[in-house]
Amino acid sequence: MTQYKTNRINFDFERMFDCNYPFRFIGVCTKKGKLLEFVYRKDITPLFSDTELNFSVLKTALISSIRDNELMMGKMLYTVTTFENVKRATIPIDDELLLLCSFEKNADDSVIKDIFEIVKQLQTLTNNYDTKS
């Protein structure tokens, strides 16, 4: 079972694949573009090599940080980008981390509502982290 573990979070990503959602990829990265943890659905072939994945994550984090500077519109809640082969969602977990998910191209965008429930759990875990320890 793949879990994301730091001093701030202990989260089981496999749980997201147990749902009936058409996830292909789930990962967490820093807003500086460092991929911390990721997992692919077992029955898919990744579209990116490891190098391409890391570059894609870096670009996604950069775009996210640019959106963070659009203060007049408020904080970014999420983005969904539709490509020819997949859809990708980027959702801030907190001020430092992003949740990255990709879906089959025919996935309904309403899956984002369900992902928000997962993000709320992650936010609770990060908010409960004692910075003094």
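This is a tour of a predicted model, moving from the whole chain to one sheet, its aromatic rings and its nonpolar cores.

**Whole chain**

Start with the full chain in a cartoon view. Three helices and seven strands make up the secondary structure of the protein. From the N terminus onward, the elements follow the pattern β-β-α-β-β-α-β-β-β-α. Of the 133 residues, 40% are buried. If contacts are limited to residues at least 6 apart in sequence, 52% of them join residues at least 24 apart.

**Colour by confidence**

Next, colour by pLDDT. The mean for the protein is 78, and 74% of the residues reach 70 or more. Strand E6 (residues 86-92) has the highest confidence, at 90, while strand E1 (residues 3-5) has the lowest, at a mean of 44. Select residues 1-7: pLDDT stays under 50 there, although the model gives this stretch 24 contacts beyond four places in sequence. Then select residues 129-133, where pLDDT is also below 50. That stretch has two contacts in the model beyond near neighbours in sequence. Where pLDDT is low, the predicted coordinates should not be read in detail.

**The five-stranded sheet**

Now select E3 to E7. These five strands form an open sheet in the order E4-E3-E7-E6-E5, with antiparallel pairing. E4 and strand E5 (79-82) are the edge strands, each pairing on one side only. On average, neighbouring strands in this sheet are turned by 15° against each other, direction ignored.

**Strand E3 and its two partners**

Keep E3 selected. Eight of its eight residues are buried, so E3 is largely enclosed by the rest of the structure.

Add E7 (residues 97-104) to the selection. E3 and E7 pair in the antiparallel sense over seven bridges. Two positions help to find the register: Phe25 has Ser102 as its bridge partner in E7, and Thr30 stands opposite Leu97.

Swap E7 for E4. Five bridges join E3 to E4, and the two run antiparallel. Together they form a hairpin with four residues between the strands. In the turn, pick Gly33, which has a positive phi of about 95°. Across from Phe25 in E4 stands Tyr40.

**Aromatic rings on the hairpin**

Show the side chains of Phe25, Phe38 and Tyr40. Ring pairs link these three residues into a cluster. A search of the whole structure finds four aromatic pairs. One of them is Phe25 with Phe38, a stacked pair at 5.9 Å centre to centre and 25° between the planes. Phe25 sits in strand E3 (residues 23-30) and Phe38 in strand E4 (residues 35-40), so the pair ties together parts that are 13 residues apart in sequence.

How are the rings of Phe38 and Tyr40 arranged? Their centres are 5.7 Å apart and their planes stand at 85°; because planes over 60 degrees apart count as edge-to-face, the pair is of that kind.

Turn on a solvent-accessible surface to compare the three residues. Phe25 is buried, with a relative accessible area of 8%. Phe38 is partly exposed at 31% relative accessibility, and Tyr40 is partly exposed at 23%.

**The nonpolar cores**

Hide the rings and select Phe23, Ile26, Leu99, Cys101, Phe103 and Ile115. These residues have the most contacts inside the largest nonpolar core, which has 16 residues. The elements giving two or more residues to this core are E3, E6, E7 and helix H3 (111-127).

Which residues does Phe103 touch, leaving out those up to four places away in sequence? Centre the view on Phe103 and show its surroundings: the list is Pro22, Phe23, Arg24, Val86, Lys87, Ala89, Val111 and Ile115.

Finish with the other core, which lies apart from this one and has eight residues. Select Phe25, Leu35, Leu53 and Leu100, which are among its members. Phe25 therefore belongs both to this core and to the ring cluster with Phe38 and Tyr40.

Definitions and conventions: Residues numbered from 1 in each chain as written. Predicted model: local features only at pLDDT ≥ 70, side-chain atom pairs only at ≥ 80, totals over all residues. Heavy atoms only, no water. Phe/Tyr/Trp six-rings, centres within 6.5 Å; stacked < 30°, edge-to-face > 60°. Buried < 20%, exposed > 50% of the residue type's maximum accessible area, 1.4 Å probe, protein only. Pairing = 2+ DSSP bridges. Axes fitted to C-alpha atoms, helices over the stretch in contact; angles between N-to-C directions. pLDDT = per-residue confidence, 0-100. Contact = heavy atoms within 4.5 Å. Core = buried A, V, L, I, M, F, W, Y, C linked by side-chain atoms within 4.5 Å.
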